[in-house]
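Colleague: I have a few questions about this one before I go back to the bench. Could you walk me through it?

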Amino acid sequence: MNRTDRLLALVLELRVRGTCRAEDLATFFGTSKRTIYRDIQALSEMGVPVVALMGEGYSLAEGYFLPPLSFTADEATLILLGLSAVQSSFDREYQAIIDDSRRKIRAVLSDDTRQRADNLCNSLLLTNMQPISPAELHLLRLLRRAIFTTQTVKFRYFTRYPDKVSLREADPYGLACLNGTWYLTAYCHLRQDRRMFRLSRMQDAQLTARHFEYPADYVIGSESRRDDRSLRIKLLFDEDVEPWILEDHFFYIDQRELHPDGVLVTLRARQIDEVLQWILGWGRHVRVLEPDELRDRMRDEARAMLDNHN
């Protein structure tokens, strides 16, 4: 941390903690007490009203705030909740940055607003973000570096449909966390097009010596908005499961509508394998209306399940 950053952080720390001893500040910032004394002197010369209390430490004069930042309790709550929600999905480097950001935000709040924001944060829980595995954390660091240095990466990629492994080289453009799952958006040299790669299906990733030019027109998320699910599937669900179908957030559901015999659901997918297991999970409560190929697959799976239990 350079001196300018430390001086600002010192003001923020005094703002949050109130009175602080020089030795406590030195421990917090990893410096000597002599450095803290010099920093306090520099702040005073800059017009920051630092008050020295004999035997107690340093504090800021009452009523001193850092303009121009000003948050309402609701605004501060949303920012603090957002920081907490993403903290578990980043490595230690970013977790430390998030902690510093949280401390700075709380520092510029008035005592009353800070208390109200804390009370609101304690009454809300966000669980969309899932803890990331050590392997994915390592991969995240490598891909962030590749994006920053514009280096092509190579890796093995596993696909479920069809079940196979392929060697890929890709120019990484961005990282996205969608519903708790991390994806890399990149230009795939094998497919000669932009693609999204799920990090949990990438193995043995490494940087190459080749560099690429970042596209000026690239917008993060553009791949996820490109919809190539051309297979349309119609399903009729029994009335017994109507409430659960209406609230289901299955990605491939395109439409739901009430039907005299239950709920008519339309799915849009790229291939049958993407939705087959989900449909089978509803057992006897679902009937395939179209396409014929899916009805045949359902019959084959049902016969195989029956054979397994005989």
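**Salt bridges, a strand residue and the sheet**

Modeller: Let me begin with one pair in this predicted model: Arg-102 and Asp-99 form a salt bridge, in which the closest N and O atoms are 3.0 Å apart.

Colleague: Where do Arg-102 and Asp-99 lie?

Modeller: Both are in helix α5, which covers residues 92–107, and they are three residues apart, about one turn of the helix.

Colleague: And is Arg-102 buried or exposed?

Modeller: Arg-102 counts as buried, because its relative accessibility is 18% and the cut-off for buried is under 20%. Asp-99, on the other side of the salt bridge, is partly exposed at 33%.

Colleague: How many salt bridges does the structure hold?

Modeller: There are 19 salt bridges in the structure. One of them joins the side chains of Arg-17 and Glu-13, with 3.1 Å from N to O, and these two residues sit four residues apart in helix α1 (residues 3–17), about one turn of the helix. Arg-17 is partly exposed, with a relative accessible area of 39%, whereas Glu-13 is buried at 5%.

Colleague: Which residues are linked with Glu-13 and Arg-17 in a network?

Modeller: Asp-100 and Arg-103 are linked with Glu-13 and Arg-17 in a network of salt bridges. In general, side chains of opposite charge can pair when their charged atoms come close.

Colleague: What about Glu-23, which residue does it form a salt bridge with?

Modeller: Glu-23 forms a salt bridge with Arg-21, and the closest N and O atoms there are 3.4 Å apart. Glu-23 is partly exposed, with a relative accessible area of 33%, and Arg-21 also counts as partly exposed, at 39% relative accessibility.

Colleague: Changing topic, where is Glu-169 found, and what does it contact?

Modeller: Glu-169 is found in strand β4, residues 164–178, and it is partly exposed, with a relative accessible area of 27%. Leaving aside neighbours within four places in sequence, its contacts include Thr-152, Tyr-187, His-189 and Arg-210, and with Arg-210 there is a side-chain to side-chain polar contact of 2.8 Å. Glu-169 also lies 6.6 Å from Phe-155, C-alpha to C-alpha, although the two are 14 residues apart in sequence.

Colleague: You mentioned Thr-152; is that residue buried or exposed?

Modeller: Thr-152 is buried, with a relative accessible area of 0%, and it is found in strand β3, which covers residues 151–159. Its side chain makes a polar contact of 2.7 Å with the side chain of Asp-171, and its contacts beyond four places in sequence also include Pro-172, Leu-207 and Phe-212.

Colleague: What order do the strands have in the sheet?

Modeller: The order is β6-β5-β4-β3-β7, in an open sheet of five strands with antiparallel pairing. Strands β6 (193–198) and β7 (202–211) stand at the edges, and because each has a single partner strand, one side of each is left without a neighbour in the sheet. From one strand to the next, the twist averages 45 degrees.

Colleague: How many bridges join β5 to β6, and what packs on the sheet?

Modeller: Six bridges join strand β5 (residues 181–188) to β6, and the two run antiparallel, with Thr-185 standing opposite Met-196 in β6. Helix α7, residues 134–149, packs on the sheet, where it touches β3, β4, β5 and β7, and its direction makes about 15 degrees with that of β7.

How values were computed:
Residues numbered from 1 in each chain as written. Predicted model: local features only at pLDDT ≥ 70, side-chain atom pairs only at ≥ 80, totals over all residues. Heavy atoms only, no water. Salt bridge = Lys/Arg side-chain N within 4 Å of Asp/Glu carboxyl O. Buried < 20%, exposed > 50% of the residue type's maximum accessible area, 1.4 Å probe, protein only. Contact = heavy atoms within 4.5 Å. Polar contact = N/O pair within 3.5 Å; in protein donor to acceptor, adjacent residues only side chain to side chain. Pairing = 2+ DSSP bridges. Axes fitted to C-alpha atoms, helices over the stretch in contact; angles between N-to-C directions.
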